[in-house]
Amino acid sequence: FPSDTREFVYSSRREMKEKAPWIAELVYSMFEDGDWNPALGVVIDKPRDQTFNMTCATVPGSALCGKPLAPEYIGPPMADVLAKCGG
């Protein structure tokens, strides 16, 4: 994700599914809807501008922890999201 919050306001799949299902549908067309973490094995423990100065310690269960995503970052199943928005 961009490092400037003005460029992209959503910070998790859950947030995209809840606030912008059309973006979640686009992401879903390219990536599986599961606990997949694009940074598997990479633990961010020092703040960076690309992570909005967050670390695994500040957002446990997120992609910054290098493990599969926790449910609170995944959100509801994509099938439920698509059913609600007619996708």
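Modeller: Let's fix terms: buried means under 20% relative accessible area, exposed means over 50%, and partly exposed is anything in between, with a 1.4 Å probe and protein chains only. This is a predicted model, where local features need pLDDT of at least 70 and side-chain atom pairs count only at pLDDT 80 or more, while totals for chains, interfaces and linings use all residues. Residues are numbered from 1 along each chain as its sequence is written, and side-chain values use heavy atoms, leaving out hydrogens and water.

Colleague: OK, why is aspartate 33 called partly exposed?

Modeller: Its relative accessibility is 26%. That value falls between the 20% and 50% limits, so partly exposed it is.

Colleague: And what makes lysine 17 and aspartate 33 a salt bridge?

Modeller: The term asks for a side-chain nitrogen of Lys or Arg within 4 Å of a carboxyl oxygen of Asp or Glu. Here the closest N and O atoms are 2.6 Å apart, so the pair qualifies. This one links distant parts of the chain: lysine 17 is in helix α1, aspartate 33 in the loop between α2 (21–30) and α3 (71–74), 16 residues apart. Helices are DSSP runs of H or I with at least four residues, numbered from the N terminus.

Colleague: Why does lysine 17 count as buried?

Modeller: Lysine 17 has 7% relative accessibility, which is under the 20% limit, so buried is the word.

Colleague: How do you know that glutamate 18 and arginine 14 are separated by about one helical turn?

Modeller: Because they sit four residues apart in helix α1 (residues 13–19). They form a salt bridge too, with the closest N and O atoms 3.4 Å apart.

Colleague: Which residue pairs with lysine 19, and is that partner buried or exposed?

Modeller: Lysine 19 bridges to glutamate 15 at 3.2 Å between the closest N and O atoms. Glutamate 15 has 17% relative accessibility, so it counts as buried.

Colleague: What makes phenylalanine 31 and tryptophan 36 a stacked pair?

Modeller: Rings of Phe, Tyr and Trp (its six-membered ring) pair if their centres lie within 6.5 Å; planes under 30 degrees apart are stacked, over 60 edge-to-face, and the rest tilted. These two have 5.1 Å centre to centre and 15 degrees between the planes, so both tests are met.

Colleague: Why is methionine 30 called exposed?

Modeller: Methionine 30 is at 54% relative accessibility, which is over 50%, so exposed is right. Methionine 30 lies in helix α2.

Terms used. Helices (H or I, at least four residues) and strands (E, at least two) are DSSP runs, numbered from the N terminus.
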